[in-house]
Amino acid sequence: MLVAMAALALPAAASAQTGPAPEGARRWRGPHRGFLVQGRMGQSFGGASVLGGLGGLGAVGTLGSSSALGAALGYRGGAWSMAFAPSLSSSSSGGEGSSGTTYLQLGLGVLVDRVIARAADDRVELGLLAGASLSFVSYEASARSDEGVAFGFLLGLSARYWMSPAVAVGVEIGESYTSAPVLTLSTSGASDSRTSSFATFGTLNLSVVFGG
């Protein structure tokens with residue numbers, strides 16, 4: 001009788017020992033979906049930098065390399081994200097009135113990131129990045145002014161590591177194309193002159209997703 005009771009008790013004891021796993025041992029369920037906020041810092045090499053706040057990669061018409069800090073707001077879905085990056089930059093030099101010079105850039109960029117590969121635990125992602133931007137630029141000096149519209153495109157790859165379901169750090173690298181107006185204060189200059197260039201860019205970013 002005792003042997004029979006012990007045999008019946010063994011499966012119950014085994015079941016109690018292999019019950020639900022502690023919270024920390026459960027499988028991580030992946031990143032959140034919802035409202036996306038990004039802080040971005042980028043560097044551009046080899047030409048006019050990307051426009052319209054695309055990762056804060058620089059200012060219109062700057063040759064060589066440039067860096068800036070920017071931000072983007074948008075939405076992250078299961079395997080994609082879309083973020084909008086506004087930009088506003090201005091500079092002035094010299095005195096007031098006719099002796100001063102003023103430069104202004106106001107733009108908006110959009111970034112779309114599509115996940116193309118994931119690690120087994122969903123913490124590391126590889127994505128395909130695409131973006132476009134549109135900017136208004138103006139230049140004024142010696143009581144004369146010129147203005148125009150610039151635009152840009154980019155393609156690249158992104159990689160992210162999710163430290164938690166809501167927070168990730170990432171890197172991006174790719175190529176950008178920029179078309180910007182040639183701003184001149186000379187009356188003899190062509191009003192529709194433009195300059196185009198290609199550049200290699202890289203960014204670091206921090207993503208925070210408010211959702212579940």
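The side chain of Ser179 makes a polar contact with the side chain of Arg194, at 3.0 Å. This contact belongs to a predicted model of a chain of 212 residues. The chain holds 1 helix and 8 strands, and the helix precedes the strands, the order from the N terminus being α-β-β-β-β-β-β-β-β.

**Surroundings of Ser179**
- Ser179 lies in strand 7, which covers residues 167-181.
- The relative accessible area of Ser179 is 4%, under the 20% limit, and therefore Ser179 counts as buried.
- The polar contact at 3.0 Å links this serine to Arg194 through the side chains of both residues.

**The chain as a whole**
- Buried residues make up 36% of the 212 residues of the chain.
- The exposed area of the chain is about 11800 Å², and 65% of that area comes from carbon and sulfur atoms.
- Among contacts with a separation of 6 or more, 64% join residues that are 24 or more positions apart.

**Pairing of strands 3, 4 and 5**
- Strand 3 spans residues 80-93 and strand 4 spans residues 101-118; the two pair in the antiparallel sense over 14 bridges.
- Within this pairing, Thr102 of strand 4 stands opposite Ser92.
- Strand 4 also pairs with strand 5, residues 124-141, again in the antiparallel sense and over 17 bridges.
- Thr101 has Ala141 of strand 5 as its bridge partner.
- Strand 4 and strand 5 form a hairpin with 5 residues between the strands. In this hairpin, Asp122 adopts a positive phi near 65°.

**Surroundings of Ser91**
- Ser91 is placed in strand 3, the strand that pairs with strand 4.
- Ser91 has a relative accessibility of 41%, which is between the 20% and 50% limits, so Ser91 counts as partly exposed.
- Beyond its neighbours within four places in sequence, Ser91 is in contact with Thr101, Thr102 and Tyr103.
- Ser91 and Thr102 are 11 residues apart along the chain, and their C-alpha atoms are separated by 5.8 Å.
- Two of the residues in contact with Ser91 also appear in the bridge pattern described above: Thr102 stands opposite Ser92, and Thr101 is the bridge partner of Ala141.

Note on methods. Residues are numbered from 1 along each chain as its sequence is written. This is a predicted model: local features need pLDDT of at least 70, side-chain atom pairs count only at pLDDT 80 or more; totals for chains, interfaces and linings use all residues. Side-chain values use heavy atoms; hydrogens and water are left out. Helices (H or I, at least four residues) and strands (E, at least two) are DSSP runs, numbered from the N terminus. Buried means under 20% relative accessible area, exposed over 50%, partly exposed in between (1.4 Å probe, protein chains only). Contact means heavy atoms within 4.5 Å. Accessible areas come from the Shrake-Rupley method with a 1.4 Å probe; for residues, only the protein chains shown count as cover. Two strands pair if DSSP finds at least two bridges between them. A polar contact is a pair of N or O atoms within 3.5 Å; within protein, one must be able to donate a hydrogen and the other to accept it, and residues adjacent in sequence count only if both atoms are side-chain atoms.
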